[in-house]
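Open your viewer and get ready to click along. Each stop below gives you something to select and tells you what is there.

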Amino acid sequence: RDDARGKMSSTITHVNSSEHTIEGWLRKKGSLFSWRTYFVTVDAARTLTYASKTGGKPAGHVKLGQSTKVSFDPRKEHGLLVLTETRAFKFAAESKRDAVLWKEVIEGAIHDAVAEADTAARLHTGGSEPTVVRSSRRR
């Protein structure tokens, strides 16, 4: 999308780098050769959601966590790959700058999700490592 000066404008409508949230328009690869435009969000719940319109019913989502990876897609200009254990999601931004920003925010959200899961696991187990008790008796 071009602005009045003919320069590429960002399609990101919101970003908060410290909270690792972002929203805006990305193209998503569907079946075979089709690319559709979706409104994509990464929210504070560490979920990437995509819908056909702003505030619309989600067409799908990806729960970000330890098994999620994000990288640039070398086969698509400004492309991003979001990989889960079971699926590969292909997205494309309007510019390299936008692609870098999306990748940084998604990586941050994944890092936060992993840290939150680790904290929850420690709290669930009492927050301590198992204690090994050894007998002082000799045999």
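Contact here means heavy atoms within 4.5 Å. This is a predicted model, in which local features need pLDDT of at least 70 and side-chain atom pairs count only at pLDDT 80 or more, while totals for chains, interfaces and linings use all residues. Residues are numbered from 1 along each chain as its sequence is written, and side-chain values use heavy atoms, with hydrogens and water left out.

Start with W102. Leaving out residues up to four places away in sequence, W102 touches I12, I22, E23, G24, L26, V40, V42 and L80.

Now widen the selection to the largest nonpolar core (buried Ala, Val, Leu, Ile, Met, Phe, Trp, Tyr and Cys residues joined through side-chain atoms within 4.5 Å). This core has 23 residues, and L48, F91, W102 and I106 touch the most other members. Among the elements that each supply at least two of its residues are strand 2 (21-29), strand 3 (35-42) and helix 1 (96-124); helices (H or I, at least four residues) and strands (E, at least two) are DSSP runs numbered from the N terminus. Helix 1 gives the most, with seven residues.

Next, select H20, in the loop between strand 1 (12-16) and strand 2. Is H20 buried or exposed? H20 counts as buried because its relative accessibility is 17%, and buried means under 20% relative accessible area, exposed over 50%, partly exposed in between (1.4 Å probe, protein chains only). Beyond four places in sequence, the residues H20 touches include V42, R46, V105 and D112.

Finish at S67, in the loop between strand 5 (58-63) and strand 6 (69-73). With a relative accessible area of 36%, S67 is partly exposed. Outside its neighbours within four places in sequence, S67 is in contact with L83, T84 and E85. The C-alpha atoms of S67 and T84 are separated by 5.9 Å, although these residues lie 17 residues apart along the chain.
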